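Reader: I should like to go through the backbone and the surface of this protein with you. Could we look at the model together?
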Amino acid sequence: MSATSLTVALLTESFFGDGAGERLTERLRSARGQGAELAVLPELGAQAWVCASKQSREQDAEREDGPRVAMQRNAARDAGVALIGASITIDQPTGERRNRAFFVDSMGDVRATYDKVHLPEETGYWETSHYEPGDRMARPVECLGMRVGMQICSDANRPMGSHLLGAMGAEIIVIPRATEGASWDRWRPVMIANALTSCAYVISVNRPGGEAGAEDAAIGGPSVAISPRGEMLVESDEPISLITCERSVVDEARTRYPGYLAIKSSLYAEAWQEAPPRERPHGG
């Protein structure tokens with residue numbers, strides 16, 4: 001790894017409907033012009049928030065080469081910037097649906113994917129009605145010389161995932177999300193703690209408030225970037241915000257408390273075998 005920093009654009013905006021591809025490409029070009037090397041969309045940011053309803057429709061999901069995925073890949077290539085986007089993807093060959101984030105490089109090629117593991121099922125967020133949970137933990141991927149890990153929304157509220165990514169060398173943890181504004185006071189301390197204890201930047205991009213068709217979800221609240229020191233560097237609902245992540249800050253955090261504490265991987269794994277699984281919320 002030769003790079004010592006990575007500039008990331010947080011795009012608090014969704015891109016669907018007429019002209020979505022052009023709008024996304026324009027936004028990515030603007031971010032690139034401001035110095036961004038990687039842009040991050042919100043959770044399922046290339047389609048309407050369909051989980052506001054329990055009704056699952058065929059057109060809400062697509063294959064890995066479907067039109068929403070292609071739109072995001074083409075926009076990244078045309079703008080010359082890497083992108084973390086998403087779609088509800090039909091898994092092959094099982095036919096199961098997944099809430100899938102993917103890392104696209106600046107040439108438009110998909111380099112890594114991650115399926116959301118922890119799914120809510122409540123008013124405005126009927127997610128288990130639309131897709132199945134992922135069955136593997138994320139792994140960090142190389143992005144322009146720095147190591148980036150992906151989570152999606154509720155995954156952040158199971159901090160062992162962030163800790164694992166940090167232990168595996170992630171310097172930046174990216175968390176697209178769709179959350180209601182009223183719950184932000186509970187998300188904020190969790191994300192700060194995840195940054196401190198994983199010794200990584202935590203970047204979370206929310207969907208914008210007031211989206212048509214998502215009234216029951218009451219989506220709102222800021223997109224954020226938090227340093228490995230626990231400092232809130234960005235907390236904004238503006239359509240675009242930028243943050244430069246520095247490897248030196250990550251390295252410093254890993255030599256200070258609590259970063260230098262031992263990681264008892266085998267001890268954790270053994271203890272987790274004794275914890276009973278809880279697969280579905282509310283017994284669903």
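Author: One term should be fixed beforehand: buried means under 20% relative accessible area, exposed means over 50%, and partly exposed lies in between. Please note also that this is a predicted model.

Reader: Is Cys 199 buried or exposed, then?
Author: Cys 199 has a relative accessible area of 3%, which is under 20%, so Cys 199 counts as buried.

Reader: What is the phi of Cys 199, and where does the residue sit?
Author: Its phi is positive, about 55°, although Cys 199 is not a glycine. The residue belongs to the loop between α4 (184-198) and β11 (201-206). Most residues other than glycine have a negative phi.

Reader: And what about Ala 218?
Author: Ala 218 also shows a positive phi, near 50°. It is found in the loop between β11 and β12 (223-226). With a relative accessible area of 40%, Ala 218 is partly exposed.

Reader: Turning to the peptide bonds, which residues does a cis bond join?
Author: One cis bond joins Gln 92 and Pro 93, with omega about 5°. Another joins Tyr 257 and Pro 258, again with omega about 5°.

Reader: Where are Pro 93 and Pro 258?
Author: Pro 93 is in the loop between β3 (82-90) and β4 (97-104), while Pro 258 is in the loop between α5 (247-253) and α6.

Reader: On to the surface. Which residues form the nonpolar patch?
Author: Met 160, Ile 263, Leu 267, Tyr 268 and Trp 272 do, with about 550 Å² of accessible area together.

Reader: Which helix gives the most to that patch?
Author: Helix α6 (residues 265-272) does, with three residues. Leu 267 lies in this helix.

Note on methods
Residues are numbered from 1 along each chain as its sequence is written. This is a predicted model: local features need pLDDT of at least 70, side-chain atom pairs count only at pLDDT 80 or more; totals for chains, interfaces and linings use all residues. Side-chain values use heavy atoms; hydrogens and water are left out. Patches are made of residues with over 30% relative accessible area and no salt bridge: like charges are joined within 9 Å, nonpolar side chains (Val, Leu, Ile, Met, Phe, Trp, Tyr) within 5 Å. Accessible areas come from the Shrake-Rupley method with a 1.4 Å probe; for residues, only the protein chains shown count as cover. A salt bridge is a side-chain nitrogen of Lys or Arg within 4 Å of a carboxyl oxygen of Asp or Glu. Helices (H or I, at least four residues) and strands (E, at least two) are DSSP runs, numbered from the N terminus. Buried means under 20% relative accessible area, exposed over 50%, partly exposed in between (1.4 Å probe, protein chains only).
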